Each structure stands twice: as structure tokens, then as C-alpha cells.
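Trainee: I'd like to learn how to read a protein model feature by feature. Could you walk me through one?

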Amino acid sequence: MKASDFHVLHTVTDYTRYYGLPAPAHPLLTLIDLAQITGQVIPAPIVAQLYTVALKRGLKGTVYYGRQTYDFHEGLLTFLAPGQVVLADPSLDISEMTGWALVFHPDLLRKYPLGQKIRTYGFFSYQVHEALHVSAAEECLLEHVLGSIRHETEQPLDVFSQDLLVAQLGVLLGYANRFYHRQFLTRRLAEHDLLSRFEARLTAHFAQGANHPLPTVQQFADELHVSPAYLSDLLRALTGQTAQQHLHHALIEKAKLLLLSTSLTVNETAFRLGFEYPHYFTRLFKRKTGLTPAAFRVSAP
């Protein structure tokens, strides 16, 4: 697909114009009733330089995000960050679509702490099949906050407008973050299955012979069909450690085994594990164990 095939939406006005909606009341934020959208919802690949939080119901068909697909069900909350690509199957039916979309420009948050904090919300970096499932009660709570945001956007702009909108947006995202972490607690069966598959792949990787590159979080995320951010957050929720910490632990345990059971030099051990530069291996080993590889080998009983 060529770059010219993509539609890039830079402003909230671009967004509303693209979908044939009325001009937004606020230049940096708009709240859209999705039942107002007619025609094909995403007729071409879209790259929006905007944040979008949306609750969609009644969609029939497939929406793609990267190589993954959205699975739309009742109460499915989705998040898009600037620069992410969305494409719909041509057969997508929106005739019965309902819900809402809150679209806002990063400039709205630029001078506020939320502008930095929003980058810590993992759900904005997730692939779309990892969307957030909300209960009816949670949906009502979000609707209440949206009502306050809608009311503020309908008021004449003054020196307080942006402060109030950002504060209310912070409340909405705070609830989303709570619901997201709740999802890890209420969907334990699926999450534990993912943990088991991650551990199996990690074991299989280190059971291989030599001359394999260092394992990466991206590699395991791709194999498990989730995003790196989702994998790390899930592992942290279940085990207290991120995906990177799991990889480092496995590397160090494999290194200890090689140092104690073979005559490989420290440099050879580093290469066997996949390090291009042995001093990186030595630095990581010392940071995790308090000893250099050579000192560990000598100190072992």
C-alpha cells in the first residue's frame, strides 16, 4: 500500500469533515454520537494524529488495526493514539451502529500533567483485539463523565474551558485505567493461559542450541498475538514482573548454567546466549547477581 493511499487526519475538524459530521464546537475536542455517521465508516486506511476513545456497538464486519482485527461486542471500549492506522473491510455494516467517540488533539493536554501521564496508559498502545470490555455499570459511569464533557463543550469558550475539559478528561481516563486493571483480575483464565504459553515459549527458546539472537519482548508478543505493552502489563499483574524482567531472569539462569557446567569462556558464553558484545552480558549479569560472570564461576561451590 502506498503512502498516498492513506488519509491523514491532523485536526478534530479534519475528523468530523471526513465522516460528514457537523463542525466541532471546540477546536481541540469533540464528542460524537456514532449513530450520526452514515455511509462507510472507514472507506480507506486512516492515520489520525489524534486521540480517540470510543464505545461502539452494533458493528457487523471487520475492522483492522495493523495485522489484527477488532472483535466488536457489547460494551467494548477502544483506544487509539496519534499515528495509529485503522482500516475497515469494505463489507463493514454500520447501519445499526450506536455508541460514542471522544476525539481530542494532543495539544489540548500539552501544558498539563495529563499530557505526560497519558503516555503511561498502556491501553493506548495496544492492538485493537485487546480492547477493554466494560460492564453496564461501568458504561453508565463513563456516560456520566461524558455528559459533563459534552456540557462543557457546549459552553462559550473562556479562560476556564480548557482547564475544565482536561480535568474531566483526566477523570474519564482514570476510570478507563481502573477498568483496564480490573479486566486482568476478572479474566484470569485467559490471562493464565497466555502466561503458560509465554513460559513455554521462553523455555523452548533457551532449549535451542547456540547462535540464536537475544530474545526480545516484541518477538514473544508477536508469537502470542498480543502487543508488547499488553504482554508486559499482563505479566506484571500476574507475576509482579514485566516481560523484559522475565527475559532477563531466564537469560541469567541460562548463563549460570553455562558458566557452571561448561568450560566456555565468558565471551563464548555471551555469544552462546545471543549477545553481540560480551561487555553487555557482563554488565547485565553483574546488575542482576552482584557478581561478574568470572567472579560467579569462581565463587560457586
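Mentor: Let's go from the overall make-up to the sheet, the cores and the aromatic rings.

Trainee: Before anything else, what kind of model is this, and how many helices and strands does the protein have?

Mentor: It's a predicted model. The protein comes to 11 helices and 10 strands. Of its 301 residues, 46% are buried. The accessible surface is about 15300 Å², and carbon and sulfur atoms hold 56% of that. Also, among contacts with a separation of 6 or more, 73% are between residues 24 or more positions apart.

Trainee: Now the sheet. What is the order of its strands?

Mentor: General idea to begin with: strands of a sheet pair through backbone hydrogen bonds, either parallel or antiparallel. Here you have an open sheet of 5 strands in the order S2-S9-S4-S7-S10, with antiparallel pairing. Strand S2 (29–33) and S10 sit at the edges, each pairing on one side only.

Trainee: How many bridges join S4 to S9?

Mentor: There are 7, and the two strands run antiparallel, with S9 covering residues 98–104. If you want a register point to check, Ala54 has Ala101 in S9 as its bridge partner.

Trainee: Which helix packs on the sheet?

Mentor: That's H3, residues 136–153. Helix H3 touches S2, S4, S7 (76–80), S9 and S10, and its direction makes about 50° with that of S9.

Trainee: On to the cores. Which residues have the most contacts inside the largest nonpolar core?

Mentor: The general idea is that in soluble globular proteins, nonpolar side chains tend to be buried together. In this model the largest nonpolar core has 34 residues, and those with the most contacts inside it are Leu77, Trp100, Leu102, Phe104, Phe124 and Leu169. S2, S4, S7, S9, H3 and H4 each give two or more residues to this core. H4 provides the largest share, 8 residues.

Trainee: Let me zoom in on one of those. What is Phe104 in contact with, leaving aside its neighbours within four places in sequence?

Mentor: Its partners are Val12, Leu28, Leu29, Leu50, Tyr51, Val53, Leu109, Ile118 and Leu169. There's also a second, separate core of 32 residues, which includes Val226, Ala243, Ala255 and Leu258.

Trainee: Now the aromatics. How many aromatic pairs does a search of the whole structure find?

Mentor: It finds 13. To read one, look at the centre-to-centre distance and the angle between the planes; an angle over 60 degrees counts as edge-to-face. Tyr51 and Phe124 are an example, at 5.1 Å centre to centre with 75° between the planes.

Trainee: Why does that pair tie together parts that are apart in sequence?

Mentor: Tyr51 lies in strand S4 (51–57), while Phe124 is in the loop between H2 (113–117) and S10 (132–133), so the pair bridges 73 residues of sequence. Are they buried or exposed? Tyr51 counts as buried at 10% relative accessibility, and Phe124 counts as buried at 3%.

Trainee: Which parts of the chain does the pair of Phe123 and Tyr180 link?

Mentor: That pair is edge-to-face too, at 6.0 Å centre to centre and 70° between the planes. Phe123 belongs to the loop between H2 and S10 and Tyr180 to helix H4 (161–186), 57 residues apart. Phe123 is buried, with a relative accessible area of 4%, and Tyr180 counts as buried at 3%.

Trainee: And which residues do ring pairs link into a cluster?

Mentor: Tyr51, Phe79, Phe104, Tyr121, Phe123, Phe124 and Tyr180.

Terms used:
Residues numbered from 1 in each chain as written. Predicted model: local features only at pLDDT ≥ 70, side-chain atom pairs only at ≥ 80, totals over all residues. Heavy atoms only, no water. Helix = DSSP H or I, 4+ residues; strand = E, 2+ residues; numbered from the N terminus. Buried < 20%, exposed > 50% of the residue type's maximum accessible area, 1.4 Å probe, protein only. Contact = heavy atoms within 4.5 Å. Areas by Shrake-Rupley, 256 points an atom, 1.4 Å probe, with all protein chains shown as cover. Phe/Tyr/Trp six-rings, centres within 6.5 Å; stacked < 30°, edge-to-face > 60°. Pairing = 2+ DSSP bridges. Axes fitted to C-alpha atoms, helices over the stretch in contact; angles between N-to-C directions. Core = buried A, V, L, I, M, F, W, Y, C linked by side-chain atoms within 4.5 Å.
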